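Hello,

Here is the structure I promised to pass on. Have a look, and my notes follow below.

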Amino acid sequence: MNKTIFLVGARAAGKTTIGKMLADKLSFSFIDTDNHLLKTTQKTVAEIVEKEGWEGFRARESQVLVDTTKPNRVIATGGGMVLAEHNRNFMKQNGIVIFLSAPVDTLAARLMKAPNVAQRPSLTDLPIIGEIEKILSERLPLYHDAAHYVINVDQDKGLILEKIIETLGWKL
């Protein structure tokens with residue numbers, strides 16, 4: 001069980017929440033790439049994007065992915081980590097990639113409950129539902145391309161965790 005587990009998915013899919021629970025259950029360490037970037041740069045995603053553009057942010061994000069990949073670690077990636085083919089390939093080659101999948105209305109409800117605009121800048125200037133629909137339609141094939149497994153997260157967190165453990169075939 002000496003693996004890295006990468007969680008991919010849209011904003012508000014639960015990568016951080018489920019990632020922490022999974023890491024705890026497996027006695028793995030946990031890293032959220034966006035939080036790691038915030039701690040190491042002392043800048044939010046929005047501040048990095050404002051200063052360096054999305055290209056600069058994506059380059060930093062890719063470096064964080066490489067820097068934080070270690071055995072026995074769960075890594076919650078930023079929603080756009082899959083945009084770069086080299087990131088998708090890196091994750092597939094260096095661990096197990098789980099796509100946390102949720103319908104648009106579930107993601108929108110979660111984002112409206114906790115928008116966190118400083119950490120999650122708008123990607124389209126559309127209302128939340130419109131943005132999620134647009135971004136998800138663009139990224140869905142990339143999430144599937146990256147993933148070894150797809151887990152529906154439109155259910156109770158405990159059930160999601162059980163499903164991941166069952167899917168991995170690991171006995172605890």
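I5 is a good place to start: leaving aside residues up to four places away in sequence, I5 touches L22, L26, F28, R73, V74, I75, I96, I98, L168 and W170 (contact means heavy atoms within 4.5 Å). Apart from the largest core lies another, of six residues, including L37, V45, I48 and V49. The largest nonpolar core has 42 residues, and those touching the most other members are I5, L22, M91, I98, L100, L107 and I164. A nonpolar core here is a set of buried Ala, Val, Leu, Ile, Met, Phe, Trp, Tyr and Cys residues joined through side-chain atoms within 4.5 Å, with buried meaning under 20% relative accessible area (1.4 Å probe, protein chains only).

A word on the source: this is a predicted model, where local features need pLDDT of at least 70 and side-chain atom pairs count only at pLDDT 80 or more, while totals for chains, interfaces and linings use all residues. Residues are numbered from 1 along each chain as its sequence is written, and side-chain values use heavy atoms, without hydrogens and water.

Now the sheet. Five strands form an open sheet in the order β2-β3-β1-β4-β5, with parallel pairing (strands are DSSP runs of E, at least two residues, and helices of H or I, at least four, numbered from the N terminus; two strands pair if DSSP finds at least two bridges between them). β2 (29–32) and β5 (149–152) each have a single partner strand, so one side of each lacks a neighbour in the sheet.

Best wishes

Notes: Buried < 20%, exposed > 50% of the residue type's maximum accessible area, 1.4 Å probe, protein only.
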